[in-house]
Each structure stands twice: as C-alpha cells, then as structure tokens.
Amino acid sequence: NEVAEVVATKSDLDTNKQNYSTVIVNSTSNLIGKTLVFKHGSTDEVSSYVTGNKMTVYLPTTGLWNVYVDGIGIKTFTANKHSVEINLVGIIKYGYEVHPSIDTPDDKVTYLADCDNANYTPFKMDLTTGVPNYGSWKDSFFMPRSCMLRSNGKVAYYLNEDDETKKLDGTESDVANKDFDGNAMVEFGSPDGHIIWHKIAPTTDDALGYKVYVSNYKLDADYHAWAFHNLNSKLVKHFYLPKYNTSLIDGKFRSLSGQHIVGKETTTAYNATQEMNYAKANGTGWLTETKAQVDLVNILLILMAKSTNSQTAYGNGYVNNSYANTNLLDTGSANTKGMFYGTSGNVCVKVFAIENWWGNQWRRYAGHMMINGVQKVKLTYGIEDGSTVVGYNTTGDGYITIEGVTLLNEQGHTSGGGYLKEMKASIKGTLVPTGTLNGSSSTNYCDYCWYNNTTTIYAYRGGGLSSGANCGVSCVDLHISPGNAHWSVCAGI
C-alpha cells in the first residue's frame, strides 16, 4: 500500500515532531481521495488527504480527537505521546425507493442513483437448486454471523456458516446441546463495530411512497438504529436473533438445533405475556423479537432483492402442508445450507442464517399492536424512540400512534383480510400496513394481511406451515388478541 506522511500545519511541527502524537491510520479503499479532518475541541484541527490505505498523521496535541469525513464523524480516539494506530472505515450508503403507483414487485423497487448500490446486481435465489446468487451483495457490511451466545449475553464462539454443527475451526459446536448455557443466535452488527443505521423518507403526501437508506454511520438526524438499543437504553454494537424456531426446554424458550418446536405433538401454546416471560427466563437482556428488529431484517431483504416479492427472491418456504401441529418442522433442517437457502418447493427458507423467517410457524413479536383499528408501535425497550412507557406491554399504553392508517378489505368490513397493496412510511424508521387489501400474491407487496378493527391486537408475522402464497417478508396478522394461544404461533427469542 502507498504510504503518505501528512504533517500538521503548526509553525514548529517540522522541527519538533518528537513532541507530537504520531497516528498510524489504516483506512478502507473507499476513503482514498477523501480528506480526513482531525478535530481536538474547538482549537486544534488537522486535515489529511488520503492517498493510500496506510498513512501517518502527526497531531499537535494529546487527548481526545474526532475524525470527520464529509462532515460526518467516523472515529473517536485518544492520542498520546506514543504512536497510536487506528482503523478507519469509509462511509457506505445503500438505498432504494418504493413506488406506490407501480404494481409489479421487481419494478416497484428501484436503486437510488446517489447511493453506493446504484448499479448493483440484486440477490436472486436459484429456486431449483436452492443456491443463492448474491449479485453484488456478498460482502456487504451488514451481513451477520452465526454464533453460540451465552445467557450472559457474551459470544462463546462463532459457527461455520456452511455447516452450523461445526465451529469455525471444524470441531463440533453446541448448536444442539441442551446443556449449553445459552442459545444458537445470529449476530447483527459488523465485526469492526459498525452498527446498521437506516432512514425511511416518505416521498408522497400520504407516505405510501418512500425511500429507504442503510448506512454504517448516522448520516443525519433521521437515521435510526432502534434494533441496537438494549434494555438499558444504550446503543450497543450488536443485537441477536434466534437461528431457529422456539423450543421450550427446562422452563426457558430456547433456540437450538434438533428440537421439537413449541406446539409440535403436544399442541402446547402460550399467549404473548407467557412468551415474554419464557424468553426472559434465559437471563438479563433476553426478550422476544421486536418490531425494530423485524423492520431492519425486512428492509435489508428488500434492499438485496430489489423486489417486494420475497418468495420469488429467496424461496417459497415451508408453507404448503396440511394444517396439523404434527407437521411442524423440527429445528436444524437447514444447518448445512449456508446463510441463504430456499427453493420453489415446500422446504425451510433460510435468510441471514435464520430458519423459517416465514413459514412453518407464525412469529409473534413485541412492539406492534392495533387498538380498535389504530396501529401503535414501540421501537425500543426504553423511551428513546419517543414512546412514553418503559418495556413492552399487551395494551399499547405509552406506544407511538401511527396516524392516518386504516385497514379494510374490498368489502369495507371491520375485520377480514386480503393481499397487501400499501405500506405507510414513518420518519421514525418503521413501516406499517395500510389501505384497502386488494393486492395479489404477485403484485405490490405480494403478501397477506389480516386485521380486526374492533379490539386489542398483538401482531404476528411471516405466515405458517399451510399459509402458501400468503407468506413472506410483509405478511402480518393484526386480528388476534395478545391473550390468544395456539400451536401455530410462537415468538422467537
């Protein structure tokens, strides 16, 4: 790599370098040609033009420095009188627009010209072989990692993505070990510590058209990373989702391979409150999946596919079976299928290393409710999202009301269902279903929505083992109360 020496513009620096802090800067290739601005408080500032992946910068003052690119802060570090080495990652910005006037799912989504993915080739699953073609997305910064996560929230080790029964070193993993103190999970947030920020910007007065941006930095005030807020309202480097549908083992909801899931054979089922309690039984910090986490995964899936038809992009899913609890899949059927797997047949679909993101069993999630037809969301456990209550509940009290949203079928009934044609965008960084449900399985969002405008509803999503073409990224059920318990529904942890 080319090495460039950049010297601070202080009159005595050239002859007294030994009195200043030496910083070795390692940077990604997308920073070449950019100017780094190092700032220390309001008095010291050093500008450095990046000509290679490694360079030396001399700073005139020790202490806390911030590094900026194009006005965006990308690093904070402490300089001292000894040499300091820092790693800088350039700004990545992906984006797409959803056009409400276009019905065809592959045309409904377009990539944005001012984003890094403007000329990307979309992800496309070979639905005959189940082998993914990543297009231009293979090494994207948001790709997660499979791991065994201890109950204390610490990663024990990472898994081999091509065979999750193995660790990275090829030895046997604990993915099916009920005695392991933790669960098989998927870690979101890059290894270098960059979290996933996203922004949703309405493009129409009714917010049915919108642009979505995804970045490794908070590029303006409307970028949010709600999924990375922990239960103590702290922004953390990673969040975790379960690799598998949920099993109940020794009084806890678990994500492990080779297990019967809740509801199989015994028809055991739990309501929303019970599900949250069984998830919390794993230890401090554990909860069920949330609206913010679901939003982010679904945004990334649409981004990669450049389409709102998730079943044709990623796989049909395990969705064409007779409606019987004995037909629920055991966990681990896709352990050797890689990070993404799916076909046009009746098999488990796997996205981001998560089995059955749709199909097999409906997934109840916290933070999305509908009270007498009014949709309410909560995007963080604390109140930093603008909600007024700490923790998730089954009443919607303290949740954020999404204004101007009405769900009706073609007959205008107060309850019913139909294929989703419209989603409403919120600058809060979330999307909710709206409008008359008169789409189809091959147009607009291609997935089904159920609703009941006369009572209190707790959402679940994805579709079950017999839901067929109704299933997918946007499939949501808003017609069942939080007290409902049925073998076909269970929250993930």
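How do the residues of the lining of the largest cavity divide into nonpolar, polar and charged? In this predicted model, the split comes out at 13 nonpolar, 3 polar and 3 charged. That enclosed space takes up about 230 Å³, and it is one of 2 cavities of 30 Å³ or more that turn up in a search of the whole structure.

A look at who sits around the largest cavity fills in the picture. Its lining runs to 19 residues, and those closest to the centre are Lys291, Asp295, Asn298, Met423 and Val473. Helix H3, spanning 291-305, is the biggest contributor, with 6 residues of the lining. Strand E24 (363-371) and strand E30 (430-436) also chip in, each with at least two residues.

The second largest cavity holds about 40 Å³ of space. Around it sit Val98, Pro100, Lys108, Leu208, Lys421, Glu422, Met423 and Tyr445. Sorted by character, this lining gives 5 nonpolar and 3 charged residues, with no polar ones. Met423 is worth a second glance: it is among the residues closest to the centre of the largest cavity, and it also lines the second largest one.

Open space comes next. The largest pocket has a volume of about 770 Å³. Of its 29 lining residues, Asn230, Leu231, Tyr240, Gly285 and Trp286 are the closest to the centre. Strand E19 and helix H3 each put at least two residues into this lining, and H3 is thus a name that comes up again, having supplied 6 residues to the lining of the largest cavity. The pocket lining breaks down into 15 nonpolar, 12 polar and 2 charged residues.

On to the aromatic rings, of which the structure holds 28 pairs. A pair of this kind is described by the distance of the centres and the angle of the planes. For Phe188 and Phe239, the centres are 5.0 Å apart and the planes are at 5°, so the pair counts as stacked. Phe188 belongs to strand E16 (residues 182-188) and Phe239 to strand E19 (residues 239-242), so this contact ties together parts that are 51 residues apart in sequence. Both partners are tucked away from the surface: Phe188 is buried, at 0% relative accessibility, and Phe239 is buried too, with a relative accessible area of 4%. Strand E19, home of Phe239, is also one of the elements that line the largest pocket.

Tyr314 and Phe340 make another stacked pair, because their ring centres are 6.0 Å apart and their planes are at 25°, with under 30 degrees being the cut-off for stacking. Here Tyr314 lies in helix H4 (residues 310-314), while Phe340 is in the loop between H4 and strand E22 (350-351), so the pair ties together parts that are 26 residues apart in sequence. Again the two residues are buried, Tyr314 with a relative accessible area of 1% and Phe340 with 0%.

Aromatic rings also pick up company from charged side chains. The charged end of Lys138 sits over the ring of Tyr134, at 4.1 Å from the ring centre. Arg145 does likewise with Tyr158, lying over the face of that ring at 3.8 Å from its centre.

How values were computed
Residues are numbered from 1 along each chain as its sequence is written. This is a predicted model: local features need pLDDT of at least 70, side-chain atom pairs count only at pLDDT 80 or more; totals for chains, interfaces and linings use all residues. Side-chain values use heavy atoms; hydrogens and water are left out. On a 1 Å grid over the protein atoms alone, a cavity is a set of points where a 1.4 Å probe fits but cannot get out, and a pocket is an open set with protein on both sides within 12 Å along at least five of seven lines; lining residues have an atom within 4 Å of a point. Grid points are joined across faces, edges and corners, and a volume is the space filled by probe spheres set on the points. Helices (H or I, at least four residues) and strands (E, at least two) are DSSP runs, numbered from the N terminus. Ala, Val, Leu, Ile, Met, Phe, Trp, Tyr, Cys and Pro count as nonpolar, Asp, Glu, Lys and Arg as charged, and the others, Gly among them, as polar. Rings of Phe, Tyr and Trp (its six-membered ring) pair if their centres lie within 6.5 Å; planes under 30 degrees apart count as stacked, over 60 as edge-to-face and the rest as tilted. Buried means under 20% relative accessible area, exposed over 50%, partly exposed in between (1.4 Å probe, protein chains only). A charge sits over a ring if NZ of Lys or CZ of Arg is within 6 Å of the ring centre and within 35 degrees of the ring normal.
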